[in-house]
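Me: Please take a close look at the pockets here, and tell me what lines them.

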Amino acid sequence: RGIYFFPNYWNSRLILSHSITMVYDLGFLLFPSFVETKNRRYLSRNISRWTHRTSRVVTISEYVASQLRTELALPPAKVKVMYLGVDQKHFKPVNENDIKILRSKLGLNKRYILTVGNIEPRKGLDTLVEAYRALDATLHDAYSLVIVGAAGWNNESIEEQIHDIQQAGLDIRVLSGISDRQLPALYSGASVYVQASRYEGFGLTPLEAAACGAPLLLSDI
């Protein structure tokens, strides 16, 4: 007898109440190789039922909204977009001294190219690493490639690729355990922030980087 909010794909069947269901992306349908098998099967089997029985589907970009209408045959009026945002009291340009302190702590002695996200196939890190390898020697000497993120799934090949390039003497850093408190300084200190993803429902980390004043280089998805 009210409005129920379901924040993560799944919802219950309601008789007397309205509901709003969040759907962040449809990667499990459109790019199944990028999603862990058990999760992909569960979402693919249920998403049509969940989205058709809820009162409204809310998603995070016009891109995903168009996919919901096309792939799941949802009426346009049923799908609403609510954009993501960042807290600009936290994600904002950091002064040079604080950047210097963090870089010293992390051992980042050169200018750096930064990417943030789980280490998994969807993020396109294999392409990014190969692009870094292809730079000429003067750029390798001037810039590190810094990858910030936890191990995702199916990441053995990218880890091997990174190891091989490190063994060849190129400066690729993989940093885990970076706190939310440290991220603004890391973004602010980057020469460029790169997001090479093959698919994103929105892509929040580029927005965080932009709020901290970092130039962006993004794939067009």
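Reply: What follows describes the two pockets in turn, with the terms explained along the way. This is a predicted model, in which local features need pLDDT of at least 70 and side-chain atom pairs count only at pLDDT 80 or more, while totals for chains, interfaces and linings use all residues. Residues are numbered from 1 along each chain as its sequence is written, and side-chain values use heavy atoms, with hydrogens and water left out.

A pocket is an open set of points on a 1 Å grid over the protein atoms alone, where a 1.4 Å probe fits, with protein on both sides within 12 Å along at least five of seven lines; its lining residues have an atom within 4 Å of a point. The largest pocket has a volume (the space filled by probe spheres set on the points, which are joined across faces, edges and corners) of about 470 Å³. Its lining comprises 26 residues, and Val-116, Gly-117, Lys-123, Leu-204 and Thr-205 lie nearest its centre. Helices are DSSP runs of H or I with at least four residues, numbered from the N terminus; α8 (183-189) and α9 (204-211) each supply at least two residues of this lining, and the largest share, three residues, comes from α9.

The second largest pocket holds about 290 Å³ of space and is lined by 16 residues, with Tyr-9, Asp-25, Val-35, Asn-39 and Leu-43 nearest its centre. Two or more residues of that lining come from each of α1 (27-30) and α2 (37-53), and α2 gives the most, with three residues.
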